[in-house]
Amino acid sequence: GIAGLVLGGRSLLASQRGLRRAEEEARTAAERLGESNRLKDLFIDIVRHDLLNPASVIRYYTSYLQECETDATKKECYLKIEGVNNRLMDLIRNASKYSRLEEMDHVDCQALDLGTMLLDALAVHEHRLKEAGVAVNYLPRGEYPITANPMVEDVFANIVANAIKYAAAGKKLEIDILDQGACWVVQIRDF
């Protein structure tokens, strides 16, 4: 009986040592993961900063050239460059936000108009649509109020970019918003 107790005590002691070792390994892994996440966030902040700086320079010079220009066509081009550059800056800022979505308790939403978001997504690619010979039939009329994060517009811009990329010349893009009662359905056809 005494030998059995001693053996049982040794196996209990060995189990406790194994448990302590496993806890220490888990703590070390958590520390490594925390350091890895910290380095990822630092990298993203550096990339964001390094991309926003040249975009800010583009914005400054575009604004300057726009003020000095008298030719209406060139002024319009500068306005489009300015709009696309502002969109680029928003994308850079949002990329940083995307990387932190998993850490967020909630996503900030605001009152927006779905139609305006779709038109903005089209405006970003207006020149490419013309170059590709893709006609746009935009059907929505009126307002389409939603509560969403502005990053949703990136989804629409991406869909438009893909439609341009894969559509043959002479194709069309049809966009509509359907009222489904409790929600809006965005319908994009690239034929």
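The legends below describe close-up views of a predicted model.

**View 1. The largest pocket and the residues at its centre.**
The largest pocket holds about 450 Å³ of space. Its lining is made up of 22 residues, and those closest to the centre are Gly83, Val84, Arg87, Asp120 and Val124. By type, the lining residues divide into 10 charged, eight nonpolar and four polar.

**View 2. The helices around the largest pocket.**
Four helices each supply at least two residues of the pocket lining: helix 2 (72-99), helix 3 (114-124), helix 4 (126-132) and helix 5 (152-166). Helix 2 gives the most, with 10 residues.

**View 3. The open sheet of three strands.**
The strands of this open sheet follow the order 2-4-5, and their pairing is mixed. Strand 2 (135-138) and strand 5 (184-189) are the edge strands, each pairing on one side only. From one strand to the next, the twist averages 15°. Strands of a sheet pair through backbone hydrogen bonds, in either a parallel or an antiparallel way. Strand 4 (residues 172-179) and strand 5 run antiparallel and are joined by six bridges. One pair to look for is Glu174 with its bridge partner in strand 5, Arg189.

**View 4. Helix 3 against the sheet.**
Helix 3 lies across strand 2, strand 4 and strand 5. Relative to strand 4, helix 3 runs at about 170°. Helix 3 is also among the helices that supply at least two residues to the lining of the largest pocket.

**View 5. Leu173 and its surroundings.**
Leu173 is found in strand 4. Leu173 counts as buried because its relative accessibility is 1%, and the cut-off for buried is under 20%. Val136 is 37 residues away from Leu173 in sequence, yet the two C-alpha atoms are 4.8 Å apart in space. With neighbours within four places in sequence left aside, the residues in contact with Leu173 include Leu122, Leu129, Val134, Val136, Val160, Ala163 and Ile188. Asn137, Arg189 and Asp190 are also among the contacts of Leu173.

**View 6. Strand 1 and strand 3.**
Strand 1 (residues 110-113) and strand 3 run antiparallel, with four bridges joining them. Leu112 has Ile146 of strand 3 as its bridge partner. In a regular strand, side chains alternate between the two faces of the sheet. Strand 3 (residues 145-148) shows such alternation: Ile146 and Ala148 point to one face and are buried, whereas Pro145 and Thr147 point to the other and are not buried.

Terms used
Residues numbered from 1 in each chain as written. Predicted model: local features only at pLDDT ≥ 70, side-chain atom pairs only at ≥ 80, totals over all residues. Heavy atoms only, no water. 1 Å grid on protein atoms, 1.4 Å probe; cavity = no way out; pocket = protein on both sides within 12 Å on 5 of 7 lines; lining within 4 Å. Points joined across faces, edges and corners; volume = space filled by probe spheres on them. Nonpolar A, V, L, I, M, F, W, Y, C, P; charged D, E, K, R; others polar. Pairing = 2+ DSSP bridges. Axes fitted to C-alpha atoms, helices over the stretch in contact; angles between N-to-C directions. Contact = heavy atoms within 4.5 Å. Buried < 20%, exposed > 50% of the residue type's maximum accessible area, 1.4 Å probe, protein only.
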